Amino acid sequence: MPINPSHAQDVWKDVGEHVQFTVLQLNRQDPQHDREVFQEFADRSQAIIRSLRIRDAKPETGTQLKVSIGISSSAWDYLFPDAPKPRELETYTTLHGPKYSMPATAGDLFFHIRASNEAVVYECQTQFQRVLAPITSVLDETKGFRYFEGRAIIGFIDGTEAPAIEDAADYALVGEEDPQFINGSYAFAQKWQHDMPIWEHMTTGDQEKAVGREKFSDFELDDDDKFKNAHNVASKYEIDGVEQKIVRMNVPYAQPAVGNIGTYFIGYARHWTVTKGMLQNMVDQGDFLLTFSKLLSGQVFFIPSRDLLAQIADDDF
Ligand code: HEM
């Protein structure tokens, strides 16, 4: 059975304009009850999405609502202790390099909601909470937004070397290598806070060397013109000489008046080991982005296919 993107959650396309990332922790009071609530959520969440797509539909474009719901390794063990587990699902632990680290933080359930209308994003997470609030606590809730021309908040076009939309599903979705979890995906969520004054005091030329591309045109610099730890050098990950790709949908978040400005990184992958390889290279090489940033969170979640969510809802998993 080949990959079928229509059976997946929204992991392989649409960064969106208004975005919300939420990480919840299960209170772990009563495993049987929590499992039943999650089964109900697996059912209701899909009805909530369908309903909002009807309510939000525009004559020209339809709806832009996209949602993915993820489960961490520790939540998986708690909710489905007797069920099989996606092959590469593990708890992310802090990665260390010579100078920088990428910390691991707690998280059981993950939500990535995006739409062209912020009201739809609000309504979606609000309705999810009606089911989940009694058994969970909120660890983080971050609102992201699309910046001009899809640029990262550091001013560079983001996503150029990510797979094109027509190829994205193959990079984002689990395939026949793990048949029970086909059309699922490994999501890595990592919240970065940037020291923008440091970045803004750099010349455009140095910023370009730091990212590895020209700022206005997005044209890639020759390797000799990049800093050794340029982001597009450090994040590169190859297996047997073949460059690996993941589907990246990071967006900026900001409280500009208090200077709390950053990037919420989200990468969806067919293989968690690929994302992890990129992260390890970044810390090993001291990726330039790390020199002016603080990492506030990091965890990996499995995004089950919609079929698996239906099985969970039916108590069939
Ligand atoms: C603050 C967080 C980050 C920002 C602002 C950011 C931004 C960018 C930008 C502007 C580019 C160049 C254009 C492009 O090819 O998309 C890029 C490339 C890339 N980024 Fe990031 N990124 C961030 C974090 C990460 C992380 C955590 C990973 C790995 C898990 C990653 C993986 C990559 C990869 C693989 C490329 C393409 C490299 C190439 O082959 O040219 N990025 N990123």
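These are my notebook entries on a predicted model, taken element by element.

**Domains**

I started with the record. The UniProt entry, which is unreviewed, annotates residues 14-146 as "domain: Dyp-type peroxidase N-terminal". I looked up the make-up of that stretch and got 36% helix and 27% strand. The end C-alpha atoms of residues 14-146 sit 11 Å apart.

The unreviewed entry also gives "domain: Dyp-type peroxidase C-terminal" for residues 151-306. Here I read off 26% helix and 25% strand, with 31 Å between the end C-alpha atoms.

**Around the ligand**

Next I went to the ligand. Which residues come nearest? I found F156, E161, N232, S235 and T263, out of 25 residues around the ligand. I sorted the shell by class and got 11 nonpolar, 10 polar and 4 charged residues.

Then I asked which elements supply at least two residues of the shell. My list has two strands, β7 (185-194) and β12 (260-269), and two helices, α7 (231-234) and α8 (272-285).

**Helix α3**

I checked the length of α3, residues 118-132, against what its residue count predicts. With 15 residues at 1.5 Å a residue, the expected span is 21 Å, and the end C-alpha atoms are indeed 21 Å apart, so the two agree.

Which residues of α3 are buried? I noted V121, C124, F128 and L132. Looking down the axis of α3, I see these buried residues inside an arc of 65°, so they line one face of the helix. The spacing rule I had in mind is that an α-helix has 3.6 residues a turn, so residues three or four places apart point the same way.

On the other side of α3 I found A119, T126 and R130 exposed. I also listed what the buried residues of α3 pack against: the strands β1 (18-26), β2 (66-71), β5 (109-115) and β6 (136-145), plus the helix α1 (31-56).

**Helix α6 and what follows**

In α6 (204-211) I have E208, A210 and V211 down as buried. They cover an arc of only 160° around the axis, which puts them on the same side of α6. Their packing partner is α7. Just after α6 I came to G212, with a positive phi of about 100°.

The loop between α6 and α7 gave me two residues to look up. One is D218, which sits in that loop. Its phi is near 70°, positive although D218 is not a glycine. Buried or exposed? I count 15 C-beta neighbours inside 10 Å, so D218 is classed as partly exposed.

The other is A230, also in the loop between α6 and α7. With 23 other C-beta atoms within 10 Å, A230 is buried. I then looked at its contacts, leaving aside neighbours within four places in sequence: K209, A210, V211, G212 and F288. For A230 and A210 I read a C-alpha separation of 4.4 Å, with their places 20 residues apart along the chain.

**L290**

Where is L290? I placed L290 in the loop between α8 and β13 (293-295). L290 is buried, because 21 other C-beta atoms lie within 10 Å and the cut-off is 20 or more. Apart from neighbours within four places in sequence, L290 is in contact with Y100 and M282. I also took the distance to Q46, which is 244 residues away along the chain, and the C-alpha atoms are separated by 38 Å.

**Helix α9 and the segment after**

I finished with α9, residues 306-313, where L308, L309 and I312 are buried. Down the axis of α9 these buried residues fall within an arc of 105°, so they line one face of the helix. What do they pack against? My note says α1, the helix I had already listed among the partners of the buried residues of α3.

In the segment after α9 I stopped at D315. D315 has a positive phi of about 55° although it is not a glycine. I count 10 other C-beta atoms within 10 Å, so D315 is exposed.

Conventions
Residues numbered from 1 in each chain as written. Predicted model: local features only at pLDDT ≥ 70, side-chain atom pairs only at ≥ 80, totals over all residues. Near = placed C-beta within 6 Å. Helix = DSSP H or I, 4+ residues; strand = E, 2+ residues; numbered from the N terminus. Nonpolar A, V, L, I, M, F, W, Y, C, P; charged D, E, K, R; others polar. Expected span 1.5 Å × (residues − 1). Buried ≥ 20, exposed ≤ 12 C-beta atoms within 10 Å, placed from the backbone. Arc of directions from axis to C-beta. Contact = placed C-beta atoms within 7 Å. UniProt positions renumbered as here; feature names shortened; annotations may be inferred.
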